[in-house]
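Please work through the exercises below with the coordinates open, and attempt each task before reading its solution.

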Amino acid sequence: LHQKGLKITGAKITRLDKRGPTEHEVVRINHIPSFEQVRLHTKEMLYPGNYQIELKYKINPEKLEALQALGDKKPSRDLVPSVDEPEAWAKASFELK
């Protein structure tokens, strides 16, 4: 995932397929500031398909206000971790908790 200045503190990856949801344990989270990336590692191999990724991360109050003000618009990588592939980004949806 691409991000800018965010610190991911927790993650959950769930594969969604015809057999039902399958949760994959995230065993390592690597932040790579020089590439503005965060990489999630699991014990199991992840195959192409539909996944739900839940992230916990710290965000400063000004960025949180900007994120809440967006409404239905897609946020930038300095507000939420994102995918830089246009097709994947077009299918992405966001929910604030």
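Three exercises follow, each with a worked solution, and the model they refer to is a predicted one.

**Exercise 1.** Determine how the three strands of the open sheet are ordered and which strands stand at its edges.

Solution. Begin with the order, which is S2-S1-S5, with antiparallel pairing. Next consider the edges: S2 and strand S5 (50-58) each have a single partner strand, so one side of each is left without a neighbour in the sheet. From one strand to the next, the twist averages 25°. Finally, look at one pairing in detail: strand S1 (residues 7-17) and S5 are joined in the antiparallel sense over nine bridges, and Ala11 has Leu55 in S5 as its bridge partner.

**Exercise 2.** Locate His24, decide whether it is buried or exposed, and identify its side-chain polar contact.

Solution. His24 lies in strand S2 (residues 20-24). Its relative accessible area is 10%, and because buried means under 20%, His24 counts as buried. Leaving aside neighbours within four places in sequence, the residues in contact with His24 are Ile13, Arg15, Thr42, Glu44, Leu46 and Tyr51. With Glu44, the His24 side chain also makes a side-chain to side-chain polar contact of 3.3 Å.

**Exercise 3.** Explain why the phi of Glu36 deserves attention, and describe where this residue is placed.

Solution. Start from the general expectation that most residues other than glycine have a negative phi. Glu36 has a positive phi, near 55°. This residue is found in the loop between strand S3 (26-32) and strand S4 (37-42), where Glu36 is partly exposed at 25% relative accessibility.

Key:
Residues numbered from 1 in each chain as written. Predicted model: local features only at pLDDT ≥ 70, side-chain atom pairs only at ≥ 80, totals over all residues. Heavy atoms only, no water. Helix = DSSP H or I, 4+ residues; strand = E, 2+ residues; numbered from the N terminus. Buried < 20%, exposed > 50% of the residue type's maximum accessible area, 1.4 Å probe, protein only. Polar contact = N/O pair within 3.5 Å; in protein donor to acceptor, adjacent residues only side chain to side chain. Contact = heavy atoms within 4.5 Å. Pairing = 2+ DSSP bridges. Axes fitted to C-alpha atoms, helices over the stretch in contact; angles between N-to-C directions.
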